[in-house]
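Welcome, and please open your viewer before we start. This is a walk with several stops, and at each stop you will pick something to select and then look at what is there.

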Amino acid sequence: MEILIVGVFALVAIAIATAVSPRVGVAAPLILVALGFGASLLPGVPTVEIDPEVILAGVLPPLLFAAGASIPATDFRREFRSISGLSILLTILSTLVLGAFFHWVIDDLSWAWSFALGAIVSPSDPVATSIIKRLGVSPRMVSLLEGESLLNDACALVLLRGAVAAAAAAVTVWDIALEFILAMTVAVIIGIVIGRVNLWVSSRIKDTTANTVFTLAVPFIASVPAEMVGASGLVAAVVCGLVTGNGAAKALSPQVRLSDQQTWHAIELILEGVVYLIVGLEIVGVVREVEAEHEGLAFAGIIALVTIVLVLVLRAAFIAPLLAAQAARARRAERLRPHLDGIRTRLADPDTHTEAIRQVGRAAGGITGRRIARGDVPHEHVDRHLTRAQADASYLMRAPLGRREGAVMVWAGMRGVVTVAAAQTLPTDTPDRALLVLIAYLVAVGSLVIQGGTVRWVVEWLKPSRGANADEAAREQDELDAHLAQAVADAGGSAALGSRIAVIEVERAALIDARHLGIFSSALLSDTLNRLDTEQIRLEL
């Protein structure tokens, strides 16, 4: 009965916090942390301690799967270098610097346990990143922050695993590096395979309810085998979500996609809310444990505050050159654009056709580029590759990232539930375990309160780019409408297709192809695809 009461309280609290958040101007996660903390202070409420595996293995995989499924694959591809730098290099750098800091300030804490705590507080939180998504910043910034938070959790957990192993036995840096590479590689392979299997199975389940029930198991079908073989279950869930989200429009019916979308929105809302309630509920218990061991609350608070400052400084120091590299990419794209236009002109001329193909191959590079240069690729594929290169150049020129956007990205890197759950996985014989766990909790909660509570004001003050303006959006909509009309005309016209549903199928195929090439913004393509799905469902009903 007690569990039932707690569950009902959680659902009601999540619903109220979500509804009240826009009215009071406070993010729903912060409201839920406060509610959880307030509930833990009530008389008769026992100390709450949740098994960290419940969060790491039960809550995060579906959340990361859903987030991965919602990220446009084209944007992820375009930003992969930056995302991998933020999620891997920055996490490793933070672990090393923070580990050195903890070793210096905490007496008799070994290097291994210092780096373990550094790994715990290094990753930005995927759930906390949802705060910035609701503020209307540019889609490019959201893609970077989401991509970072999806992958850096796994990186931090692998580093934590290596640090704990080093504390118990002789483990070299190369052993940890090899484990990291294997954990990531195997997880990616498992995620791709399960994602494709998911699409194949889901396309053959005609009952939308049964299909939705099946998709609820998919994140765990990806994460559990990965963990069993020593890989990262979280990366497997993310990759599975990316594959599923990218292939759903082609493989699944509109009814299935709409049902899955509504179901996963509800699941995300519940799981995110439960996570923040747990954070609030567990704070009191951790504080009491530290008090019982006489390790000093003020000391832990000071260390946590300095840690938050260090994290922000490290993040700023990493993002500054990253933005410089992004600006250089944009300048190269601006110089490359006329060259690409010239290649297209020469490609259409029989006298210069062969040389133009070689130029496309040199620009592509790699195995694909060599095949294009040798003439082993059909002409239509060469044309598509050139179109994709032109679209990528336009994307970099259209959505630049400057100092304002960089400052928001620094402030938006909040810590959260992953830090809390990872801290609880420290072995029971860890030296000063209660103190280390409390520091991690205070970093997570302090980051959410300080950064999450002020990020709205930071965005209003800095006024970063919010994407295309009204005129640009209207122009792109007109171009997309013309593109769809041309696709219908190429298919024989509306009269030849025979029905509006047949026309919608042609338009959907054109949208999927445009998304693959990246010739329109991901937000516009997603909105148009949803509109077509809704119209087809209405007509079929």
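The helices on this tour are DSSP runs of at least four residues, numbered from the N terminus. Keep in mind as you go that this is a predicted model.

**Stop 1: the start of the chain**

Select helix α1, residues 2-24, and find V8 in it. Is V8 buried, partly exposed or exposed? V8 is partly exposed, because its relative accessible area is 45%, which lies between the 20% and 50% cut-offs. Now add L4, V12, I16, V20, V24 and V26 to V8: together they form a nonpolar patch on the surface. The accessible area of this patch is about 560 Å².

**Stop 2: a pair within one helix**

Next, select D75 and R78. These two form a salt bridge, and the closest N and O atoms are 4.0 Å apart. Both sit in helix α4 (residues 73-78), 3 residues apart, so about one helical turn separates them. A general point helps here: an α-helix has 3.6 residues a turn, so residues three or four places apart point the same way. Colour the pair by accessibility if your viewer can do that. D75 counts as buried at 7% relative accessibility, and R78 counts as buried at 8%.

**Stop 3: a serine and a covered helix**

Move on to helix α5, residues 80-105, and select S87. How much relative accessible area does S87 have? The value is 0%, so S87 is buried. Which backbone oxygen does its side chain reach? The side chain of S87 reaches the backbone oxygen of I83, at 2.7 Å.

Then select helix α6, residues 111-121. This helix is mostly covered, with 9 of its 11 residues buried. Among the buried residues of α6 are W113, L117 and I120. If you show a surface, try looking for G118 and A119 too, which are also on the list of buried residues in α6.

**Stop 4: two threonines**

Select T263, which is found in helix α12 (residues 254-292). T263 is partly exposed, because its relative accessible area is 22%. Now add T212 to the selection. T212 and T263 are 51 residues apart along the chain, while their C-alpha atoms are separated by 7.5 Å.

**Stop 5: a positive patch**

Show R81, R331, R332 and R335 as sticks. These residues form a positive patch on the surface. Which helix gives the most residues to the positive patch? Helix α13 (residues 297-347) does, with 3 residues. R332 has its place in α13, and R332 counts as partly exposed because its relative accessibility is 44%.

**Stop 6: two loops with positive phi**

Before selecting anything here, recall a general rule: most residues other than glycine have a negative phi. Now go to the loop between α18 (417-424) and α19 (433-462), and select D432. Phi of D432 is near 55 degrees, a positive value in a residue other than glycine. D432 counts as partly exposed, at 31% relative accessibility.

Follow the chain through α19 to the loop between α19 and α20 (470-490), where K463 has its place. K463 also has a positive phi, near 55 degrees. Is K463 buried or exposed? With 59% relative accessibility, K463 counts as exposed.

**Stop 7: salt bridges further along**

The structure holds 8 salt bridges, and our last stop visits some of them. Select R500 and E507, which form a salt bridge with their closest N and O atoms 3.4 Å apart. R500 counts as partly exposed at 33% relative accessibility, whereas E507 counts as buried at 11%.

Finally, select R508 and D533. Their salt bridge has its closest N and O atoms 2.9 Å apart. This pair links distant parts of the chain: R508 lies in helix α22 (residues 500-517) and D533 in helix α23 (residues 522-540), 25 residues apart. R508 and D533 are both buried. To finish the picture, add R257 and E505 to the selection: salt bridges that share partners join R257, E505, R508 and D533 into one network.

Notes: Residues numbered from 1 in each chain as written. Predicted model: local features only at pLDDT ≥ 70, side-chain atom pairs only at ≥ 80, totals over all residues. Heavy atoms only, no water. Patch = residues over 30% accessible without salt bridge, like charges linked within 9 Å, V, L, I, M, F, W, Y side chains within 5 Å. Areas by Shrake-Rupley, 256 points an atom, 1.4 Å probe, with all protein chains shown as cover. Salt bridge = Lys/Arg side-chain N within 4 Å of Asp/Glu carboxyl O. Lys, Arg positive; Asp, Glu negative; His and termini not counted. Charge placed at Lys NZ, Arg CZ, Asp CG, Glu CD. Buried < 20%, exposed > 50% of the residue type's maximum accessible area, 1.4 Å probe, protein only. Polar contact = N/O pair within 3.5 Å; in protein donor to acceptor, adjacent residues only side chain to side chain.
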